[in-house]
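The following report describes the architecture of a two-chain model, moving from one helix pair to the sheet and then to a single chain.

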There are 2 protein chains.
Amino acid sequence: MATTIKDIARMCGVGVSTVSRAINGHPDVNPVTREKILKAVEETGFTPNASARSLKQSETNNIAILVKGYANPFFTRMMHRMESSIAHRDCQMILRYVDNNQDEVQQAISLCTERKLKGIIFLGGDFEHDPQELSRLEAPYIFSTTGRDRRSTSQGVDYANVSVDDFEASKMAVNYLIGLGNTRIGIIAEGLNIPSVGKLRFEGYKAALKENGIPFDDSLVFEITEGLDHYTMENGYKAAKTLLRNAPDMTAVFCISDVVAIGACRAIADNGRKIPKDISVLGFDGIDNDMYFIPRLSTVRQPVDQMAQETVSRLFDLIEGKGKPESVLLPAELVVGESTARRSAS
Amino acid sequence: MATTIKDIARMCGVGVSTVSRAINGHPDVNPVTREKILKAVEETGFTPNASARSLKQSETNNIAILVKGYANPFFTRMMHRMESSIAHRDCQMILRYVDNNQDEVQQAISLCTERKLKGIIFLGGDFEHDPQELSRLEAPYIFSTTGRDRRSTSQGVDYANVSVDDFEASKMAVNYLIGLGNTRIGIIAEGLNIPSVGKLRFEGYKAALKENGIPFDDSLVFEITEGLDHYTMENGYKAAKTLLRNAPDMTAVFCISDVVAIGACRAIADNGRKIPKDISVLGFDGIDNDMYFIPRLSTVRQPVDQMAQETVSRLFDLIEGKGKPESVLLPAELVVGESTARRSAS
């Protein structure tokens, strides 16, 4: 009778999953144990039954990731970190991009009917969904980078999510711009009428103005509504052009993401204004490349690696039945580059 | 008792997998057989058990994409276009990132042993591989953006690939820089000792110099070797800093990718030189954002959407047994932004 993986495990005094990891070359196996296992495999002539294994694994090893915002380099890095973390757990990442006009939960439900999933990660998108719809998801799920509105009193469905406190981080950012001497502060916003991080950041902007007795002015607000992905340089460019026309006395602009801020910088330069002398530009995200742009971008940095790790590890806790879905809040920090500066007295 | 897929198979005198393929609309079923099967399904009122179907389908609907170069926004867009094209064909994209020090074919082989794949796309990476290793891939595969060395006389294994002609495109780019009046042209290169697009682009650079009687000078060459991903702004920044030190009379620099070029621009600005007055910078790829950077980046644009489409459609041709693996060459074009200009007489 042919040797099975169980035989190998028994021979080596280890678990089946250790044998599997050793055979598949995963790094998290003790080198001595690995040697022993590979020797046993060789001696017995054991060949893993690929098809049986694939059937077995296909039931349980797919982690779907639904990404809303494909052009955002912040997500690119999140995906890279998540993928390696998922592969480390012997699982595969199924990638599905969700356009801005699509519903990510609907997409996940349709993915669930197509194939069995072990878990689901929502990267980007809304933070509030119909509980009925969420209940149709046939696997544990977690929302990443999409923080809930903690000030809301409505009791929604409990679900897991990992994010920064978008409201507070945004308030801190705008307070910083006010502290630099700005009172005419524009915002390039997004998703104002849906439960999105864009809306939370907008609320943080308004709260900072209010705290400092600065009147809110509609002409300083631009809401991005165009494109399959709202978070793009192109949208930042168009938005800043409009703001410069509508509010020519604007001296600072807060952007809901770094890519939007880069586009805004370009529009301001094309308008003949100097950054930061004439106008300060502040982003949000903290992408790797901020320090290589001209000018180096000031931003609110989210802890991208920690967020990716926390998302995957919380999801696997749920998969393994450990604990309940929770909201995890990670700290954001202000990083000052060259795109913001104190206003000189005029 | 409910009709099972085995009953249908027995009734039609075919195997279970043929029934499954017919139900799932796969093209590789004889039309007469398909008719017979679908008729039997209708007559018996057989409804495929979703979970069984998912098991069965999971064998065949996975397209793996192995991405070498996670930080490259050029690939981000490729992935987005490929994913929608793959989803459109009722398949799922399994994403695996490959670090620069890993072998993408080895990774694909290991993915094949973990699960059954319908097809494999290699995005980035080398264009030459051990035929023995390639033969271990249990699904049709295609290399994307990694063009072969067409000037090589060695007869390698036949495989499908889609790319621009990296050698010719690079020669054209450097000819353009020479035409602007530059003779001291640096190159930020990559992968010079492996069969990579980086090497092809370097050969194109050397050929252009030779054609124009400009001596090749080692001090104008920087080869990126650091990091899990070579194509980053950080590497472009470090490379340009070194070139500025080693060859202070350099008046132009050709970069093997746009992200590398952005980093180089930043290093040149930090060095107190003006772009393009003192130094012209030319990239390669043609990412969406080139026109939003300061300065707008001149580049060699690859037809990203067409490359993505062609890759997926050629892969599905192979999966469906249509045609043989072929090399597809798509045209690259020079796009002049603000980072290159004619040298003023000094």
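## Helix packing, sheet and chain A

In chain B, Asp166(B), Phe167(B), Glu168(B), Ala169(B), Ser170(B), Lys171(B), Val174(B), Asn175(B) and Ile178(B) of α8(B) are in contact with Val197(B), Leu200(B), Arg201(B), Glu203(B), Gly204(B), Tyr205(B), Ala207(B), Ala208(B) and Leu209(B) of α9(B), where contact means that C-beta atoms, placed from the backbone, lie within 7 Å. By class, this contact has 10 nonpolar, 3 polar and 5 charged residues, with Ala, Val, Leu, Ile, Met, Phe, Trp, Tyr, Cys and Pro counted as nonpolar, Asp, Glu, Lys and Arg as charged, and the others, Gly among them, as polar.

The model is a predicted one, in which local features need pLDDT of at least 70 and side-chain atom pairs count only at pLDDT 80 or more, while totals for chains, interfaces and linings use all residues. Residues are numbered from 1 along each chain as its sequence is written, and chains are lettered from A and ligands numbered from 1 in the order in which they are written.

Helices α8 (residues 166-179) and α9 (residues 197-211) of chain B pack at an angle of about 40°, their axes being 7 Å apart. α8(B) is therefore oblique to α9(B), a term for angles that are not under 35 degrees (roughly parallel), over 145 (roughly antiparallel) or 65 to 115 (roughly perpendicular).

An open sheet of 12 strands with mixed pairing runs in the order β11(A)-β5(A)-β4(A)-β3(A)-β1(A)-β2(A)-β2(B)-β1(B)-β3(B)-β4(B)-β5(B)-β11(B); two strands pair if DSSP finds at least two bridges between them. Its edge strands, each pairing on one side only, are β11 (327-330) of chain A and β11 (327-330) of chain B.

Three of the parallel pairings are set out below.

| Strand | Partner | Bridges |
|---|---|---|
| β3(A), residues 119-123 | β4(A) | 4 bridges |
| β4(A) | β5(A), residues 160-164 | 3 bridges |
| β4(B), residues 141-144 | β5(B), residues 160-164 | 3 bridges |

Within β4(A), Ser144(A) is the bridge partner of Leu123(A), and Ser144(A) also stands opposite Val162(A) in β5(A). Both faces of β4(A) are covered, with Tyr141(A) and Phe143(A) buried on one side and Ile142(A) and Ser144(A) buried on the other; a residue is buried if 20 or more other C-beta atoms lie within 10 Å of its own. Of the 346 residues in chain A, 51% are buried.

Note on methods. Helix = DSSP H or I, 4+ residues; strand = E, 2+ residues; numbered from the N terminus. Axes fitted to C-alpha atoms, helices over the stretch in contact; angles between N-to-C directions. Contact = placed C-beta atoms within 7 Å. Buried ≥ 20, exposed ≤ 12 C-beta atoms within 10 Å, placed from the backbone.
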